[in-house]
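Please open the model in your viewer and keep the selection tool at hand. The tour begins with the whole chain and then moves from one selection to the next.

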Amino acid sequence: MDEAVVVALGCNLPGAYPSREALLEAAVAALPQVGLEVVTRSGWWTSAAWPDPAGPAYLNGVAVVRTTLSPRQVLDALHSLEARFGRARGEANAPRTLDLDLIAHGRTVLDDGLVVPHPRAHQRLFVMGPLSELYSGWIHPVTGEPAFRLAATATVGRDARPMAAPTA
């Protein structure tokens, strides 16, 4: 797991797809097209919209990918996929068709405009829960805490719950 590239996927709008699940499945299937070979992925987790729980609920999950891309190239690839799936960046925390975040790029630690590992992922149950589902002993490159402990102490998205096992 020291070399694992971890990508979080989420959405609360289905866009052109019949459901949020279908959109996220299509996004996972598209990752290899941008140089991100899926090694494994979690099931989908559901949680209330944040910060306004009156919005559409989110589905989230995590994929571990293999790549030769640098952290910046991975982020660029993720942003290109978001755009392809209809993501329009605007207001922070607004409902969205697809949100792809680079959570970790192996043991790399960066803070040069791109922050790796993701600066808030360790606080989010909808990220650490799915990651813990895959690799409970994954160690955060900065905090030194394992995923299962970060999931247990997460302060954001405490209502996040697994929906079902992955279909692939």
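With the whole protein chain selected, you have 4 helices and 8 strands in view, where helices (H or I, at least four residues) and strands (E, at least two) are DSSP runs, numbered from the N terminus. Followed from the N terminus on, the elements run β-α-β-β-β-α-β-β-β-α-α-β. The radius of gyration of the chain, taken over C-alpha atoms, is 15 Å, close to the 15 Å from the globule rule for 168 residues, so the chain is as compact as a globular protein of that length; the rule itself is 2.2 Å times the number of residues to the power 0.38.

This is a predicted model, in which local features need pLDDT of at least 70 and side-chain atom pairs count only at pLDDT 80 or more, while totals for chains, interfaces and linings use all residues. Residues are numbered from 1 along each chain as its sequence is written, and side-chain values use heavy atoms, with hydrogens and water left out.

Before zooming in, note that the C-alpha atoms fill a box of roughly 35 × 35 × 35 Å, taken along the principal axes. Buried residues make up 47% of the 168 residues; buried means under 20% relative accessible area, exposed over 50%, and partly exposed in between (1.4 Å probe, protein chains only). Among contacts (heavy atoms within 4.5 Å) between residues at least 6 apart in sequence, 65% join residues at least 24 apart.

Next, select strands β1 (residues 5-11) and β5, which run antiparallel and are joined by 6 bridges; two strands count as paired if DSSP finds at least two bridges between them. One place to look is L9, whose bridge partner in β5 is L100. Strand β5 (residues 99-105) is mostly covered, with 6 of its 7 residues buried.

Now move to helix α1 (residues 20-30), where the buried residues are L23, L24, A26, A27, V28 and A30. Show their surroundings as well, since these buried residues pack against β1, β2 (37-41), β3, β4 and α2 (71-84).

From there, select N60, which lies in strand β4 (residues 58-66) and is buried, with a relative accessible area of 9%. Which residues is N60 in contact with, leaving aside its neighbours within four places in sequence? They are L9, G10, L24, G43, W44, W45, S47 and F126, and two of these, L9 and L24, have already appeared on this tour.

A short step away in sequence is A57, in the loop between β3 (44-47) and β4. Is A57 buried or partly exposed? A57 is partly exposed, with a relative accessible area of 32%. Not counting residues up to four places away in sequence, A57 touches C11, N12, R20, T46, S47 and A49. Of these, T46 is 11 residues from A57 in sequence, and the two are 6.8 Å apart in space, C-alpha to C-alpha.

Then select P117, in the loop between β7 (115-116) and α3, and look at the peptide bond from V116 to P117, which is cis, with omega near 0 degrees. As background, most peptide bonds are trans.

The last stop is helix α3 (residues 125-134), where 9 of the 10 residues are buried, so the helix is largely enclosed by the rest of the structure. The buried residues to select are L125, F126, V127, M128, G129, P130, L131, S132 and L134; F126 is among the residues in contact with N60.
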